[in-house]
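Me: I'd like a close look at one part of this model, starting from a single residue in a strand and working outward to the ligands and the annotated positions. Could you walk me through it?

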Amino acid sequence: MTQAPHTIRLAVIPGDGIGKEVVPEGLKVLDAALAGTGASIERTDFDLGAERWHATGDTLTDEDLAAIKEHDAILLGAVGDPSVPSGVLERGLLLRLRFELDHYVNLRPAKHYPGVPTPLTEPGDIDFVVVREGTEGLYCGNGGAVRVGTPHEIATEVSVNTAYGVERVVRYAFEQANARRQRLTLVHKHNVLVHAGHLWRRTVEAVGAEYPGVSVDYCHVDAATIYMVTDPARFDVIVTDNLFGDILTDEAGAITGGIGLAASGNINPDRAFPSMFEPVHGSAPDIAGQGIADPTATILAVALLLEHIGEPDAAARVSAAVDADMATRARANQEGGPLTRSTSEIGDAIAQALRA
Ligand SMILES: NC(=O)C1=CN([C@@H]2O[C@H](COP(=O)(O)OP(=O)(O)OC[C@H]3O[C@@H](n4cnc5c(N)ncnc54)[C@H](O)[C@@H]3O)[C@@H](O)[C@H]2O)C=CC1
Ligand SMILES: CC(C)CC(=O)C(=O)O
Ligand SMILES: [Mg+2]
């Protein structure tokens with residue numbers, strides 16, 4: 001559908017490793033999805049990541065951050081590289097973006113496309129979303145270490161959970177559940193983490209009273225990892241903290257056909273700052289540079305981005321093109337084996353389907 005001409009200001013951060021390989025495919029599909037709609041992309045590339053850090057020592061400067069804030073949305077590949085001490089880019093770049101831009105919702109849909117290979121023998125109908133808290137918990141960097149390197153070293157990481165932070169993400173999760181199959185599962189570990197866990201439990205109870213149509217369930221996180229492989233169809237919306245959500249969504253990627261299919265949105269629902277869309281996976285140094293990374297997660301992140309910025313038709317067309325590509329994979333699988341395609345061949349196929 002043609003709309004009035006308008007421009008979408010997009011900040012692009014390919015990052016490291018396969019981030020640099022999958023982001024061009026996401027952009028290819030974004031262009032194809034918007035062709036003829038009246039919307040155009042005004043794109044700014046940010047060279048953040050390992051190379052920049054080696055050259056300048058910067059992870060994310062205040063100037064970078066101010067420039068990124070001038071955009072409508074952000075597309076990110078992945079950050080992290082074996083040549084950089086672990087945590088420097090993950091904390092100084094990725095988490096700093098999530099915290100500074102108040103991405104308190106980390107939305108991670110998980111869907112199995114029929115016939116697509118999965119490690120589960122009977123996957124059932126897997127279609128759920130994880131609403132992971134994005135700005136608190138164990139990822140705050142609240143901790144420290146003393147007597148480092150000695151036999152008496154003590155290291156702490158303290159999980160921060162505020163009533164304000166938990167309530168706003170729980171409310172978002174109830175809204176999601178209300179718009180879906182009206183089932184919400186809180187995942188935590190309140191049998192042990194009694195302070196944070198009981199705050200989450202009480203908050204879900206209190207907010208849930210406003211959503212009488214939504215049934216509420218609870219799993220300890222260890223049991224949740226079991227149900228995710230034995231009965232994933234039980235889940236509709238999972239709400240959980242930053243660390244548990246991180247772990248569970250890699251598992252969700254694995255059971256739905258691979259981490260290369262799992263997309264995410266770091267969302268500021270209040271729209272005070274641009275939201276950031278990225279694949280769930282990391283920079284995958286083990287396969288980087290080979291052109292074999294699956295770009296589908298990034299392409300699905302583009303669909304989430306389009307939905308968020310008010311281009312639902314384009315978003316639906318991207319999702320439909322991915323559905324069709326998944327059906328092609330399923331057919332190939334039935335006919336004797338998985339399709340072997342390069343990163344750019346997958347991007348080309350999906351972009352071409354959109355232009356057809
Ligand atoms: N959002 C981000 O930027 C994230 C960054 N990282 C960083 O990435 C680096 C590598 O972390 P890992 O723990 O190895 O996790 P990873 O997600 O990069 O890789 C885990 C496994 O999944 C495979 N894989 C990942 N994406 C794939 C794709 N698109 N297609 C096919 N296979 C894919 C990899 O080859 C690897 O075997 C680290 O520096 C880590 O801190 C990790 C997770 C998220
Ligand atoms: C690299 C971490 C900071 C984040 C992560 O693994 C994730 O958000 O999935
Ligand atoms: Mg992760």
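Reply: Happy to! Let's start with Ala78, which lies in strand S3, residues 73–78. Keep in mind throughout that this is a predicted model. Ala78 counts as buried, because it has 31 C-beta neighbours inside 10 Å and 20 or more are enough for that label. Leaving out residues up to four places away in sequence, Ala78 touches Gly15, Asp16, Gly17, Ile18 and Gly19, and also Glu278, Pro279, His281, Gly282 and Ser283. Another pairing to look at is Ala78 with Lys20: they are 58 residues apart in sequence, yet their C-alpha atoms are 8.0 Å apart in space.

Two of those contacts of Ala78, His281 and Gly282, lead us to the first ligand. Around ligand 1 there are 20 residues, of which Gly80, Gly260, His281, Gly282 and Asp294 come nearest. Sorted by class, the ligand 1 shell has 11 nonpolar, five polar and four charged residues.

Gly282 also appears in the surroundings of ligand 2, together with Glu90, Leu94, Leu95, Asp246 and Val280. Helix H4, residues 88–100, supplies the largest share of that shell, with three residues. The class breakdown for ligand 2 is three nonpolar, one polar and two charged residues.

Helix H4 brings us to the annotated positions, since Arg98 sits in that helix. The unreviewed UniProt entry lists Arg98, Arg108, Arg132 and Asp222 under "binding site". These positions span 125 residues in sequence, and the farthest two C-alpha atoms are 26.4 Å apart, so the four do not all gather at one spot. It therefore makes sense to take a couple of them one by one.

Arg98 is partly exposed, with 19 other C-beta atoms within 10 Å; the label follows because buried begins at 20. Setting aside neighbours within four places in sequence, Arg98 is in contact with His103, Gly134, Thr135 and Asn266.

Arg108 is found in strand S4, residues 105–111. With 25 other C-beta atoms within 10 Å, Arg108 is buried. Beyond residues up to four places away in sequence, Arg108 touches Val129, Val130, Arg132, Thr249, Ala252, Ala262, Ser264 and Val280. Two names in that list tie back to what we have seen: Arg132 is itself one of the listed "binding site" positions, and Val280 is among the residues around ligand 2.

Since you will probably look at backbone angles too, here are two arginines to inspect. Most residues other than glycine have a negative phi. Arg147, however, has a positive phi of about 55 degrees although it is not a glycine. Its place is in the loop between strand S6 (143–146) and strand S7 (154–157), and Arg147 is exposed, with 10 other C-beta atoms within 10 Å. Arg271 has a positive phi as well, of about 60 degrees, and it is not a glycine either. Arg271 is found in the loop between strand S11 (263–267) and strand S12 (275–279). It counts as exposed, with 11 C-beta neighbours inside 10 Å.

Next, a look at helix packing. Helix H1 (residues 19–34) and helix H11 (residues 343–355) pack at an angle of about 5 degrees, and their axes are 8 Å apart. H1 and H11 are therefore roughly parallel to each other, given that angles under 35 degrees count that way. On the H1 side, the contact is made by Glu21, Val22, Glu25, Lys28, Val29, Ala32 and Ala33, while H11 contributes Thr343, Ser344, Ile346, Gly347, Ile350, Ala351, Leu354 and Arg355. By class, this contact of H1 with H11 has eight nonpolar, three polar and four charged residues.

For a wider frame, the unreviewed UniProt entry carries the annotation "domain: Isopropylmalate dehydrogenase-like" over residues 9–350. Across residues 9–350 the chain is 42% helix and 20% strand, and the end C-alpha atoms are 23 Å apart.

One last residue to set beside Ala78 is Thr225, whose place is in helix H7, residues 221–230. Thr225 is partly exposed, with 16 other C-beta atoms within 10 Å. Thr225 and Pro312 are 87 residues apart in sequence and 33 Å apart in space, C-alpha to C-alpha.

Note on methods:
Residues are numbered from 1 along each chain as its sequence is written. Chains are lettered from A and ligands numbered from 1 in the order in which they are written. This is a predicted model: local features need pLDDT of at least 70, side-chain atom pairs count only at pLDDT 80 or more; totals for chains, interfaces and linings use all residues. A residue is near a molecule or strand if its C-beta atom, placed from the backbone, lies within 6 Å of it. Helices (H or I, at least four residues) and strands (E, at least two) are DSSP runs, numbered from the N terminus. Ala, Val, Leu, Ile, Met, Phe, Trp, Tyr, Cys and Pro count as nonpolar, Asp, Glu, Lys and Arg as charged, and the others, Gly among them, as polar. Axes are lines fitted to C-alpha atoms, for helices over the stretch in contact, and angles run from 0 to 180 degrees between N-to-C directions. Angles under 35 degrees count as roughly parallel, over 145 as roughly antiparallel, 65 to 115 as roughly perpendicular and the rest as oblique. Two residues are in contact if their C-beta atoms, placed from the backbone, lie within 7 Å. UniProt positions are given in the numbering used here, feature names are shortened, and annotations may be inferred rather than shown by experiment. A residue is buried if 20 or more other C-beta atoms lie within 10 Å of its own, exposed if 12 or fewer, and partly exposed in between; C-beta atoms are placed from the backbone.
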